[in-house]
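Student: I would like to learn how to read charged pairs and nonpolar clusters in a protein model. Could you take me through them step by step?

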Amino acid sequence: MRWVFLLLALFLPALAQGSPPPDLSPEVFRIARELRCPVCQGESAAESNSGVAVEMRRIIAEMLKEGKTEEEIKAFFVERYGDWILYAPPRRGVTLWVWVLPVLGLILLGLGLFAYFRPKPLPKELLEEAERRLKEPPR
């Protein structure tokens, strides 16, 4: 019986984290997942519990109630914080290189590996010497 209580104590917090709080709609968290938390490193505004992230979620909820679209909400935060706030930066200007350079690097790596492992033709002298030795009788 103790094992059941122990398992419940371990797994109930994990189950509770899966859904958003009841006071905010799932759409608020869907939009907040696409925005970085300005304070926390590597967390979205939906994951973070910092005061700034809580305020961002509240602003998103208010803007949704006002009838603003997802693009308008993101534009508001980009205007306030810059393109950095978006987890997927726009593919234009300087950030275009963020999307293009890895692809170019992979292409160059592939070409380099192909050139390195490509069979190289043997010099004509070596081929003639090999043919001559094959035609000679063994000693």
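**Reading salt bridges and a core**

Tutor: Let us begin with one charged pair in this predicted model: Glu-136 and Arg-132 join their side chains in a salt bridge, with 2.5 Å from N to O. Glu-136 is partly exposed, at 35% relative accessibility, and Arg-132 is likewise partly exposed, at 40%.

Student: Which residues are joined into one network by salt bridges that share partners?

Tutor: That network consists of Glu-27, Arg-30, Glu-34, Glu-70 and Lys-74. Within it, Glu-34 and Lys-74 form a salt bridge whose closest N and O atoms are 2.2 Å apart, and this pair links distant parts of the chain, since Glu-34 sits in the loop between α2 and α3 while Lys-74 belongs to helix α4, 40 residues apart.

Student: Where do Arg-58 and Glu-62 lie?

Tutor: Both are in helix α3, 4 residues apart, which is about one turn of the helix, and their side chains meet in a salt bridge of 2.1 Å, N to O.

Student: How should I think about the nonpolar residues?

Tutor: As a general idea, nonpolar side chains in soluble globular proteins tend to be buried together. Here the largest nonpolar core has 17 residues, and Leu-35, Met-56, Ile-60, Ile-73, Phe-77 and Ile-85 are those with the most contacts inside it.

Student: Which helix gives the most to this core?

Tutor: Helix α3 does, with 5 residues, while α2, α3 and α4 each supply at least two. Leaving aside neighbours within four places in sequence, the contacts of Leu-35 include Met-56, Ile-60, Phe-77 and Ile-85.

How values were computed:
Residues are numbered from 1 along each chain as its sequence is written. This is a predicted model: local features need pLDDT of at least 70, side-chain atom pairs count only at pLDDT 80 or more; totals for chains, interfaces and linings use all residues. Side-chain values use heavy atoms; hydrogens and water are left out. A nonpolar core is a set of buried Ala, Val, Leu, Ile, Met, Phe, Trp, Tyr and Cys residues joined through side-chain atoms within 4.5 Å. Buried means under 20% relative accessible area, exposed over 50%, partly exposed in between (1.4 Å probe, protein chains only). Contact means heavy atoms within 4.5 Å. A salt bridge is a side-chain nitrogen of Lys or Arg within 4 Å of a carboxyl oxygen of Asp or Glu.
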